[in-house]
Amino acid sequence: MNEATKTTKDITKKVKVESFDISRSDETLDLAKDLAKFIKDNKLTTNVQGKEFVNVEGWQYAGSRLGIVPIVEHVINVSSPEEMKYQAKVTLFDLRHNATVGAGFAVCSNKESGKKFYQEFAIMSMAQTRAIGKAYRNCLAWIIRAAGYEPTPAEEMDYNTNTATAAPAPAVAVAQAVPAMQVVPAEAPAPAAEAAAPVQYATAAQKEEIIRLLNHPVITRPEKTKMLLNINRLDEERAVQAIAKLRKAIDDRENGEKAAA
């Protein structure tokens, strides 16, 4: 018994768990390089007005390399008769030092652009996701900046830019809203209309919904990997189709499991 214990201890000593200490400048630089590679390889950013903002998964990776994990303290329903709205608070816990090292608050509402038809659980989930990103941003923004990205979570940018893009030019808005109908002003030639309406890539909200659905237990790893590799190539229409397909697959598989049980 003693020999077995000794062997286990010897093996443990030989295994080096790679982690970083941000109190040391050399390790901070190594973490920034590691983080930049991980975010780029896994396409964990969202482009907003030409700038790259890191998704919450990238922030979580940065925290995990430092032994800092998020803890959801509470999620409060602050809805009104006219609005479904949730507020979340997340704290960051340092596993190495057994101490709380940060916190973040966030809200999500179905009054936001693109969330009118969200179910209640999705609004509540998004509030938690934003709070996680905000908590990490308050603590680790400089690490993300050192990695070469904007120091604001992508989910927070999605929230802040809802009103900024709410009033495009009338003619362009009509053409983008119903591209399948090819709505073109009578006096404008088709080429000019096409030039004025560039490809509308999937919004941050659509990407977040796709990622949330991909994390469902009934979605297989190959399916998840394939979708994530192509998520930044989706336009808004294909993103809507992908979300609908994922929801149908989840419903069908869940119903199949219930029937089998």
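Begin by selecting strand 4 and strand 5 in this predicted model, where the two strands form a hairpin with four residues between them. Within that turn, pick out N98, which has a positive phi of about 50°. Now show the backbone of both strands, 85-94 for strand 4 and 99-109 for strand 5, and follow how they run antiparallel, joined by 10 bridges. To see one place along this pairing, select Q87, which stands opposite V107 in strand 5.

Next, turn to the largest nonpolar core, which has 34 residues, and display the side chains of L35, W59, Y136 and L140, the residues with the most contacts inside it. Both hairpin strands supply at least two residues of this core, as do helix 2 (25-41), helix 3 (56-65) and helix 4 (120-146). Colour helix 4 separately, since the largest share of the core, 13 residues, comes from this helix.

Stay with the core and centre the view on L140, which touches W59, A62, G63 and L66 when residues up to four places away in sequence are not counted. A second, separate core of 15 residues can then be selected, with L213, L214, M227 and L246 among its members.

For the last stop, go back to helix 4 and select T129, which has its place there. Is T129 buried or exposed? Its relative accessibility is 15%, and because buried means under 20%, T129 counts as buried. Showing its surroundings brings up V56, E155 and E208, which T129 touches, again leaving out residues up to four places away in sequence.

Terms used
Residues are numbered from 1 along each chain as its sequence is written. This is a predicted model: local features need pLDDT of at least 70, side-chain atom pairs count only at pLDDT 80 or more; totals for chains, interfaces and linings use all residues. Side-chain values use heavy atoms; hydrogens and water are left out. A nonpolar core is a set of buried Ala, Val, Leu, Ile, Met, Phe, Trp, Tyr and Cys residues joined through side-chain atoms within 4.5 Å. Buried means under 20% relative accessible area, exposed over 50%, partly exposed in between (1.4 Å probe, protein chains only). Contact means heavy atoms within 4.5 Å. Two strands pair if DSSP finds at least two bridges between them.
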